[in-house]
Amino acid sequence: MTDEGVSKPKETLRYRKGYHRRAPRACDECRLRKIKCDGSKPCKPCTVSHSTCSYESGRKPRQTPTERIRVLETRLRSVKASLEILKSQNSPGQAFDVDKILKTVDLSVAPPSDDESSSDEVADKALRLNSMMGHSGRSFATGPWQTSFYGPYSGCSFVLRTLELFRKVADDNPHPDGSRQVISDLYEAPIPDIESYTPAESRTLPSQSTALDLLGVVFMRYSVLVQFLHEANFRDMVYRFYNESAVQFSASGQTFMPLFHAVMSLGLLYDVHSRRQDGCEYATSEATKHFLLARRGLDISHCADLISLQALLCLTIFLISTSRITAAHTYLGVASSAATRLGLHKKVEEGVPLSAAQRDTRTRVFLSLLQLDLYVSLVLDIPGFINLDHIDSEIMNKLQPSTTGKLLYPFDITAESRAQFSASAKHLELLILASTGVHDLFYKCHRQSEKTTDESEFTSVDVKILKDIEQKYRLWTNGLSGLPAFPEDPETSARMKFELEMTFYLGQMALYQPFLHYLIPMAQGLPTTKIQSEHALACMKIAGITISRTDVMYQRGLLCPASWNSIYTLFLAVSCLLFLIATHPGTSRPSNAWKKGERGIMLLAAMRCVNNGAVKCLLIIKMLIQQLSHTVLFDVDHIVAATAGICPCSVAGSLPREAIRRSLSKDMAATTPLHSAGYPTPDTPLEARSIQSPWSLGHDHVPTLFTGSHDTFYRDADSILAEAQAMSMVMPMDSFEIFGGG
C-alpha cells in the first residue's frame, strides 16, 4: 500500500509536467489577436509588431452577477433594436402589431440605484478606457537615409492596426513592403519634376474668359479654404494681366504670376467643363503644369510678402487635393515661417501704415494657414507648426465666426462674403477642437502615465477628458444655428455645409476609432461596460452617417473627384465598417452592415479619376480585403466595374492592373452562390468562400446564437450596427435646417 501510494503521485506529476510545456499565460495583445504567445516579456509577436506587451488581464474570471446583468442588458438592447428594424420594414398594419409589443413589454434598461453596484460603477471609479492604437506611431523606410512617420492616431496607423488584429497568420514581417506602399501612396504620391514634365499639346496660358471661369470655380468649390483671396481684387488683376502691356503690368505683377498659376491649377482640378471638353487626363496634366510653373516662379527661401504667402497656400491645397499631403506639410512649414516673420499672429502696432483692406487680408491669410496646418496635423497625427498659445487674443477674436451678420471691415458688404467667412471661421473652430481633443485625450495622459511603471497605462485614457471633449463638440454643433444665412445658391450652400459635416465626422472618427476593439467582446457576447460599448458604437454611428450623407451629395450631383477631404473621410468610414465585419467571423447574415460597406465602396468608385485619392483608397481597401478574406470579402473590382464614375475620363473604368487582387478560386467558383454582379454577398455561406474561416462551426453544425461557457449571446454585425444607429448623438445636420437656406 505504501508503494502504491508513492507511485501514483509520481505518475501524476510526470503527466502534469509534460502537459504544461506551453506558455502558461499569453499576453494581452496576443490574446486579443488570437495568436500564439511564447510567454516572454516582451514576447516575440509583440516585438515583431512593435506592440505594447503586457500581462494585465490574467485568467478569464467567471461571470459575476453584475456581469451577467450586463449580458442580459446587452441582449435586451439587441432585441429592441431588432424590433425597431422589423417595425420599419413592415406595412403600417403589421408595424402596429410590433408597436404593441414595444409598448406592452418594458424593454428599457433601468439605471442602477444608489444602493446597487454595476460594472458601470466600477468603470466610473477607474475612469479609464483602453486605446488600441498605442503611442509609438508608424515609420516607413523609403530610402537608405529616409523614413516617413505617421502618428499612432492617423488613418495609416488605423489600417495597419486592423491588419494586426485580424490577419489570419502572424508573420515575422506583419506588414510587407507591398502593403505599406499601397497605404503610403494615399499620402505621399510623387511630384513630377518640371524639367522633365512636358504635357502633350499644352497651352501656355488659358484665355481670359477661361481664366475668369476657373477663378469662379475656385471660389465656389474651395470657398471654405480660400478666404485669403479677395475675388474682386483678383479678377481685377487678371483683367490687367490680359489687357495691359508687359511693361505696365511688370511693375506690380511680378509677384502675381506665381499666385495666378497656383489658382489656375486649383481651378483645373475642380472644373467639370474642362474635363468634359478636353478629358480628365489633359485637365489634370494642365493643373500639374500650372502648379509647377507657380513653384518655379516662387522664391521659397524669401516669402516676405502676403502675395507669395497666398501662392504658398494655394500650392498646399493643390498638394492635399492630389494625395501629396506629406509634401503639403513641408510647404506649410515654409508658409508658417513666413507668416510668423510677417507677424500675422500678433497685433499690428499703432502707427503702422496699413489700410483696413490690408489688415483684413492679413487676418484672412492667417485664418487659412491655421485651417490647413491643423487639418494636415490631424490627418498625419503629427504636431502642427503654429502654436495656438502664441497667438494674440485679439487675433483669435477676429478669427471667430460672426453671429451678428456684420464683419469688422466695411468692404465685406455682401451676404455671401459674410457667410463664407463665418463658415471658414467655424471650420477653423472645429479643426482646433479636433486637433486639441486628440492631443489632450491621448498624449497628455500618456506623458503623465510615463512616470509610472505600469505598462498598461500607456494605452489608457481618462473618460472625464473624453466627456469634456464630447461636450465641446455638442456646443460647436449647437452654435451652427447662430451663423449668418448661407448664400441663396443651393449648390454653393450645400457644398459649404457638406465640407463642415465631413470635417466634423473626421474629427469624431479620430476620437472614437481607438476604442473599436471593444466591438470584439461585444460581438462574442462578452460583458462590456456601458462606457466601453457606447464609444465603440459612437464610431460606428459616425461611419454610417458619413456614408449616408455622402450618398445624399452623390444623388444631388455635388460630389467632386478632387475633394480629398470628402474622399478620405469616406474611406475612414468604410474602414470602420470593415473592422466591424471582421469582428464577426461566421456571422449569420450581416446584410445591413454588408450593404452599408458596399455602398461606401461604390461611392469611392464613383469618385475615381486618373489615379486620384479615391483610386488610392480603393487600392487600400482591396489590400485589406485580401489579407482579411477569411472573414471580410468584397470584390472591389466588380463593384468598380458596375459603378459609373462622376468623371468622364476613359481610364476610370477599372483600377490599375498592378493593384493587389484576390478572386475566388476556380474550384470554389462553381459551388459559390454569387450576387448578380458576380461577387459573394451575405447570402454566400462562409465555408463556400475562397478561404475557410478559422472560426467556422463546421458543415454539419447549425449556427446558434449562443456560444461560450456562459451562454453568451453571439451578436451579429447588423444588431451592433442597429444599436449604433439608435444612439442619441448631436450631429451637424440636426442644425442645418436653420443653418441658412439651401
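This passage describes backbone geometry, strand pairing, aromatic contacts, cysteines and helix packing in a predicted model.

The backbone offers a friendly place to begin. Most residues other than glycine have a negative phi, and most peptide bonds are trans. Against that background, three sites deserve a look. The peptide bond that leads from Lys 41 into Pro 42 is cis, its omega being near 0 degrees. Pro 42 sits in a loop, with helix H2 (28-33) on one side and helix H3 (44-49) on the other. The other two sites concern phi. Ser 323, a residue other than glycine, has a positive phi near 60 degrees, and Asn 611, likewise not a glycine, has a positive phi of about 55 degrees. Each of these residues belongs to a loop that connects two helices: for Ser 323 the flanking elements are helix H15 (306-321) and helix H16 (325-342), while for Asn 611 they are helix H25 (591-606) and helix H26 (613-627). Their surroundings can be told apart by solvent accessibility. Ser 323 has 0% relative accessibility and is therefore buried, whereas Asn 611, with a relative accessible area of 47%, is partly exposed.

Strand pairing is illustrated by E2 and E3. Strand E2 (residues 138-143) and strand E3 (residues 146-150) run antiparallel and are joined by five bridges. Together E2 and E3 make a hairpin, and two residues lie between the strands. Within this pairing, Gly 143 is placed opposite Gln 146 of E3. As a general point for reading such strands, side chains in a regular strand alternate between the two faces of the sheet.

Aromatic contacts come next, and the model contains 20 aromatic pairs. In one of them, Tyr 187 and Tyr 568 have ring centres 5.9 Å apart and planes at 75 degrees, so this pair is edge-to-face. Tyr 187 belongs to the loop between helix H8 (177-184) and helix H9 (208-221), and Tyr 568 belongs to helix H24 (residues 564-582), so the contact ties together parts of the chain that are 381 residues apart in sequence. Both partners are buried: the relative accessible area is 1% for Tyr 187 and 2% for Tyr 568. Tyr 568 also pairs with Trp 564; here the ring centres are 4.6 Å apart and the planes are at 10 degrees, so the arrangement is stacked. Trp 564 and Tyr 568 are four residues apart in helix H24, which means that about one helical turn separates them. Like Tyr 568, Trp 564 is buried. How far does this set of contacts extend, and which residues do the ring pairs link into a cluster? The members are Phe 140, Tyr 150, Tyr 187, Trp 564, Tyr 568 and Phe 571.

The cysteines give a clear result as well. A disulfide is a covalent bond between the sulfur atoms of two cysteines. With a cut-off of 2.5 Å between the sulfur atoms, the model has zero disulfides. Cys 280 is a useful example: the nearest cysteine sulfur belongs to Cys 609 and is 3.8 Å away, and Cys 280 takes part in no disulfide. Cys 280 is buried, with a relative accessible area of 1%. Cys 617 is buried too, its relative accessible area being 0%.

Helix packing completes the picture, and helix H24 appears here again. H24 packs with H25 at an angle of about 155 degrees, and their axes are 9 Å apart. At that angle H24 and H25 are therefore roughly antiparallel, and their crossing is left-handed. H24 also packs with helix H21 (residues 490-512), in this case at an angle of about 40 degrees and with the axes 10 Å apart. H21 is thus oblique to H24, and the crossing of H21 and H24 is left-handed. Elsewhere, helix H19 (residues 415-449) contains Ala 434, which is buried with a relative accessible area of 3%. The C-alpha atom of Ala 434 is 8.7 Å from that of Ile 469, a residue 35 positions apart from Ala 434 along the chain.

Definitions and conventions: Residues are numbered from 1 along each chain as its sequence is written. This is a predicted model: local features need pLDDT of at least 70, side-chain atom pairs count only at pLDDT 80 or more; totals for chains, interfaces and linings use all residues. Side-chain values use heavy atoms; hydrogens and water are left out. Buried means under 20% relative accessible area, exposed over 50%, partly exposed in between (1.4 Å probe, protein chains only). Two strands pair if DSSP finds at least two bridges between them. Rings of Phe, Tyr and Trp (its six-membered ring) pair if their centres lie within 6.5 Å; planes under 30 degrees apart count as stacked, over 60 as edge-to-face and the rest as tilted. Axes are lines fitted to C-alpha atoms, for helices over the stretch in contact, and angles run from 0 to 180 degrees between N-to-C directions. Angles under 35 degrees count as roughly parallel, over 145 as roughly antiparallel, 65 to 115 as roughly perpendicular and the rest as oblique. A crossing is left-handed if the near helix is turned anticlockwise from the far one by less than a right angle, and right-handed if clockwise.
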